[in-house]
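Colleague: Could you take me through the empty space inside this one? I'd like to start with what lines it.

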Amino acid sequence: MQTAKLLANLKDSLTEQWTQAVFASYPEKSLPFLKTQKDPFANPVASMIREAAAVLFDALAGQDMDVEKVKTALDRFVKIRAVQEFTPSQAVGVIYLLKPLLRKQLLPEMQKQLDAYLEVESRVDSLALLAFDMYMTDKERVAEIRVTEIRNQYAQLKRWAQHLNAQAPLGEFAGCGQS
Amino acid sequence: MAKLPTPQMLMASRPELPKESWLDTKPQFAPGSYCYSEKKETMELLHMPNPHDWDPSAEDWNLPENWEQILCDAFEERLEKHRSLKLFMDICVRCGACADKCHFFLGTNDPKNMPVLRAELLRSLYRRDHTMLGKLLGKKVGARSWDKQVVKELFYYAYQCTECRRCSLFCPYGIDTAEITAIVRELMHEVGLGTHWIMDPVKNCSFTGNHLGIKPHSFKEIVEMLADDCETVTGIRPKTPFNEKGHEILFITPSGDVFADPGIYTFMGYLLLFHELDLDYTFSTYASEGGNFGSFTTFNMAKKLNAKMYAEAERLGVKWILGGECGHMWRVVNQYMATYNGPSPANMVTPKSPITGTVFKNAAATKMVHITEFTADLIRHGKLNLDPSRNDHIITTFHDSCNPARAMGLLEEPRYILKHVCNHFVEMPENTIREQTFCCGAGSGLNTEEIMELRMRSGMPRGNALRYVQQKYGVNHMACVCAIDRATLPPLANYWAPGVNVSGLHELVANALVMKGEAKRTMDLRQEDLPNVDADEAEAEEGR
Ligand code: SF4
Ligand code: SF4
């Protein structure tokens, strides 16, 4: 309970600092835009990062968070990071950037309850692992989409080829004017 | 002793601010971010300048020896030819209004994907040779010289722009970055740099007609298979008139809809609609690709491919052309046809609907009517018997394709039709539709599978808006009026909003169309069960 209370006080500062840390993984020249435009459709990447920050924090605080709910809230964030030009560690490893923040802000307050503090840190690990699984699913989906797209582009040609094959014997006669 | 990097170094390693200015940073050709190069033979066949083998990821692009001279001359020639280009080079005040309007910027957050900087890549070269200040002060005023890295950079960013024109909507001067991209692509072609996914269809469209290069008799057979499918669903086999002279109308649509899933269902929609109207029309096998792949390369190639439409209209002696659901075909027709290939052949007249008598005065110059204008007019005059409840399992939204929306203002007709054939229609957020529509992320020849990751991020703003209405209103369908969209939106939806189906408008029209003498419909055009048909009824139907 104590932990939750302490964390609650840190909510705004932690989510904001983590959001800024993730922003910092984008080119410097794009930062002013990422930071200022608040419309979720005019600045979707920032909106995805902020949505992720909020759910990460709630999960960290150990509130009763259903895994599916966490996943849904992280989904857009992981999806965009999976298709931007990041290494896997950069893409979802940014979740670990919560640790230095926690160590700086929460740990000093919890010197007497190290066990409870370590539990919070372990939740960061769980969240990162969860995100890695989602990241892999997204990567696999992109690969699968590539294959499906090629198949769909020629769908009708393939049917036609099969149709011709099925008619091959007739086709020979057709050439002799007996069709 | 070597040290392991800290987690922070691994994860949030934005490199220290580059010492050099943005003009000097170089693009990385990472797999998934660039299109494959075109084969030398294809370029030779098409008489493109300086055909050669090259690989975008290689250090050396094997440019012709005098590449710099070629590019400088070509640029100068374009500046003289297109007054608009010179204007675009001169008048940008770098206000930044366009900067955050590009889906490539929103998806990549790469500053050079801000339209203003995309244009600046070329403008910096313009400054050196064509402005007094640039000549005198060089770098200090943002001028720079050509070098091979600059060529790579131009290529890289010219193929990270879908020429969608969203940015120009927000520019107080109306600077059209799409036109700048088009010029950069032209320049690249001068030194033999083109992409496979664009040039191969260009070759096929030039020599055979359709974009896959399927021979005319086979093309016809494939269309006949679609007519057979129509019969399976409706009990009526629509006619498939090809290359017949003396009809009133020539129908031209993208050939993608003859080959690709789900475009084929839109094509079946056309066949059924025309059959029901007993329309006096023909297809042409040579002008069987409305989509102008040439427009992704050079103005001359666009002109050459576009010429087929009038040539066939003349040969077949039709009065006017009805055009199918396509994006860039309509951009070309609406903006360039008159200057490219006009005036229209003498046998053509201002289009008049044979069913309603409506005269399409807006098409007086081109003699080409968009199918949604045609169908909306039919519905308005009560000429179609429609049962929208057949589409009751669908909660649809509408994606405004960039070209029809921004290049011809086709905003109301598709919506009017959609509302008459579907009972459940939901719009996506306001700043993502109509004139402000977000591109599918893969137009202008970028819908090739090797850049799927790039497409998933550049299409994200569209995918994100779709996902929003999916979660909020249960949207499970997105209609569109562009063949490229029918190819690019399914993967995009599959990634960002899985569970949303994509179709053309006329697939939905034909599903709702109650035809004279049709068998009871139990399936839609995809041969999936219709809602509201009880199982016994369906079985009885099958057993009949
Ligand atoms: S909005 Fe127009 S004038 Fe302003 S930076 Fe963009 S292109 Fe230049
Ligand atoms: S035309 Fe479209 S893709 Fe190109 S810069 Fe403008 S907004 Fe971006």
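Colleague: How do the residues lining the largest cavity divide into nonpolar, polar and charged?

Modeller: In this predicted model, they divide into 15 nonpolar, 11 polar and 5 charged, where Ala, Val, Leu, Ile, Met, Phe, Trp, Tyr, Cys and Pro count as nonpolar, Asp, Glu, Lys and Arg as charged, and the others, Gly among them, as polar. A cavity here is a set of points on a 1 Å grid over the protein atoms alone where a 1.4 Å probe fits but cannot get out, and lining residues have an atom within 4 Å of a point.

Colleague: And what volume does the largest cavity have?

Modeller: About 340 Å³, a volume being the space filled by probe spheres set on the points, which are joined across faces, edges and corners. Among its 31 lining residues, Glu163(B), Phe296(B), His328(B), Arg331(B) and Asn403(B) are the closest to the centre.

Colleague: Which helix gives the largest share of that lining?

Modeller: Helix 16 of chain B, with 5 residues; helices are DSSP runs of H or I with at least four residues, numbered from the N terminus.

Colleague: Switching topic, which residues lie nearest the centre of the second largest cavity?

Modeller: Cys92(B), Cys98(B), Val116(B), Cys171(B) and Ile175(B), out of 18 that line it, around a space of about 130 Å³. Its lining divides into 13 nonpolar, 3 polar and 2 charged residues.

Colleague: Any conventions to keep in mind?

Modeller: Residues are numbered from 1 along each chain as its sequence is written, and chains are lettered from A in the order in which they are written. Totals for linings use all residues, whereas local features need pLDDT of at least 70.

Technical notes
Predicted model: local features only at pLDDT ≥ 70, side-chain atom pairs only at ≥ 80, totals over all residues. Heavy atoms only, no water. 1 Å grid on protein atoms, 1.4 Å probe; cavity = no way out; pocket = protein on both sides within 12 Å on 5 of 7 lines; lining within 4 Å. Helix = DSSP H or I, 4+ residues; strand = E, 2+ residues; numbered from the N terminus.
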